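Colleague: I'd like to learn how to read charged pairs, buried residues and helix geometry in a model like this one. Please walk me through some cases.

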Amino acid sequence: MRLSVPGPRSLAGQLFAMQAVLIAVVVAGYALFSYVSDRSQAEEAATRQARAVARSVADSPSVLAATRTEDPSAELQPYALKVMRDTEVDFITIMDPRGIRWTHPDPQQIGQTFQGHTEKALRGQTFTETYTGTLGPSVRAVTPIQDGPRVVGLVSAGIRVEEITQRVQDQLTALLGVAAGALVLGAVGTYVINARLRRHTHGMNAAELSRMHDYHQAALHAVREGLLMLDGQYRVALINDGGRELLGVAGDVVGRSVAELGLPAPLTGALLASEPRVDEVHLTASRVLVINTSPVSGGERRGTVVTLRDVTELQSLMGELDSERGFTQALRSQAHEAANRLHTVVSLIELGRAEEAVEFATAELELAQALTDQVVAAVSEPVLAALLLGKTAQANERGVELMVSEESSLDDGLLPESLPARDLVTILGNLIDNAVDAAQGSVRARVTVAAYTRTSDDTPELVLRVSDTGPGVDPEHAEAVFQRGFSTKPAGPGGRGLGLALVRQTSQRHGGSLTVTEADGGGAEFEVRLPLREPGTAAEGVPFEVPAARGAGGDA
């Protein structure tokens, strides 16, 4: 025979049992209190009633007159019985000063001595007491019948204790009926409430809920991705450590509206949107985030669950990959062109025109070397030089001439470690790509790049300037072009409007600035200024020297 041990009740079941016991205890306590209170009140009422009846009989002129007759019982006995019926008392005993009864509910007791105390009444006082007489325990009042100052008789009126108990029991029966109804009503209400609670807690008990909460907290803080939960009014209901770090918020933000967190406007708009967002890219002050939002609904909007993923490094790598793909395509095109030129040289040699073949090949080599020498002479920083050479080939494939301005001067080793090459590639690569897109198709399509250092307000800074011969930027959109998602061209498979936003984000992360103006001869000119050190500081006490820039563009 197997004994099954019942498992712990659900939280709703435990609350139901506790509430049922509580209601039962409250109702029982109230019933006991009411019983004691009602009995005390019943005794007080009986005492007042007996006292009033006794005084009324003693003050009756007919009673006083009857005490003077030869046989007082003949007149007083019918009178006492009538008053007993009218006032609902159990007995009225009228007696002489010695205590000899003139009246009694039991006629056989007439003429017998009254059982009780009469001393105070003989002194002219009215008093009450509980005493056991011929009819059993009773609450009685004793008062004198006075003929002037002289006491000529006594009156005792009383109500049996048994009768008082019966009255209280009738009241208690009614009280218990009301209490039972209250208990049933409370039990039904408690059951309904706990049935609703059982649905919300999915039938789990307190220990299971506590364990789930511990798991929830552990998982919440262990997840490296950001998690943000908003309520129906778009206030922060929950945020984990990853979410605080990715959004750059500090302090107690729970209960605050998303609009009060100081996030970029596009990101705030995405969090406030009622429709779900899937893998949407947004920028903060220092990060590139991918967000996904999912509304929580159950008949009505209850909130939004937001997941945040940091793709800053991934976005940078994707940019480099795109550049590498561009370089590959450019190399493929150049290889095709080189093959055509090689065929030309071979054909010239086969035709016996060796001198013309050498002249043709030498001219091509000189042109390629001149381009490399021009870029390296202007920008000897290896990463930027490689970027410019690759972008030159890409631009040439798209029918755009990419030129390095004569004012450019950037020596190798000049840039500090706080300005990584990856960020420079992000800035200059996106600016050049944007300029090539704008210039493509224009008359004498050209993009001009300038890169040099100068001193402004005693602070050395790196200047990167890219201009194009495209249609330019509408002054009304001078600020909007730097917002994520803004573009004057149709969106491609990967979307548009992110490049300039990344440039601004990277510039601001290094304390720099990004501006756009109209270029000479039309088109747009984007300029980035990046400080090379904090104002008023120098490495190991040695002043920072900025080499003079070539051309009119340099200020040094």
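**Charges, burial and a helix**

Modeller: Let's start in helix 3, where aspartate 86 and lysine 82 both lie, 4 residues apart, or about one turn of the helix. Helices (H or I, at least four residues) and strands (E, at least two) are DSSP runs, numbered from the N terminus. This is a predicted model, so local features need pLDDT of at least 70 and side-chain atom pairs pLDDT 80 or more, while totals for chains, interfaces and linings use all residues. Residues are numbered from 1 along each chain as its sequence is written, and side-chain values use heavy atoms, leaving out hydrogens and water.

Colleague: What do the side chains of aspartate 86 and lysine 82 meet in?

Modeller: An α-helix has 3.6 residues a turn, so residues three or four places apart point the same way. Here the two side chains meet in a salt bridge, 3.1 Å from N to O. The term means a side-chain nitrogen of Lys or Arg within 4 Å of a carboxyl oxygen of Asp or Glu.

Colleague: Is aspartate 86 buried or exposed?

Modeller: Aspartate 86 counts as exposed because its relative accessibility is 53%, and lysine 82 is partly exposed at 46%. The cut-offs are under 20% relative accessible area for buried, over 50% for exposed and partly exposed in between (1.4 Å probe, protein chains only).

Colleague: How many salt bridges does the structure hold?

Modeller: It holds 15. Another one joins arginine 68 to aspartate 147, with the closest N and O atoms 3.1 Å apart. That pair links distant parts of the chain, 79 residues apart: arginine 68 is in the loop between helix 2 (61-66) and helix 3 (72-87), and aspartate 147 is in strand 3. Arginine 68 is exposed at 55%, while aspartate 147 is partly exposed at 26%.

Colleague: Which side chain meets arginine 465 in a salt bridge?

Modeller: Side chains of opposite charge can pair when their charged atoms come close. For arginine 465 the partner is glutamate 527, at 2.8 Å from N to O. This pair also links distant parts of the chain, from strand 12 (residues 459-468) for the arginine to strand 14 (residues 524-531) for the glutamate, 62 residues apart. Arginine 465 is buried at 13%, and so is glutamate 527 at 12%. Shared partners then join Arg465, Glu525, Glu527 and Arg529 into one network of salt bridges.

Colleague: How far away is the nearest side chain of opposite charge from arginine 140?

Modeller: It is glutamate 129, 4.5 Å away, and arginine 140 is buried yet has no salt bridge. In that count Lys and Arg are positive, Asp and Glu negative, and His and the chain ends are left out. Arginine 140 sits in strand 3 (residues 136-147), and its side chain reaches the backbone oxygen of glutamine 115 at 2.6 Å. Beyond four places in sequence, its contacts (heavy atoms within 4.5 Å) include Phe91, Phe114, Phe127 and Tyr131.

Colleague: What should helix 12 span?

Modeller: The expected span is 1.5 Å times one less than the number of residues. For the 19 residues of helix 12 (residues 421-439) that gives 27 Å, and the end C-alpha atoms are 26 Å apart, which agrees. Its buried residues include Leu424, Ile427, Leu428, Leu431 and Ile432. Just after the helix, glycine 441 takes a positive phi of about 95°.

Conventions. Polar contact = N/O pair within 3.5 Å; in protein donor to acceptor, adjacent residues only side chain to side chain.
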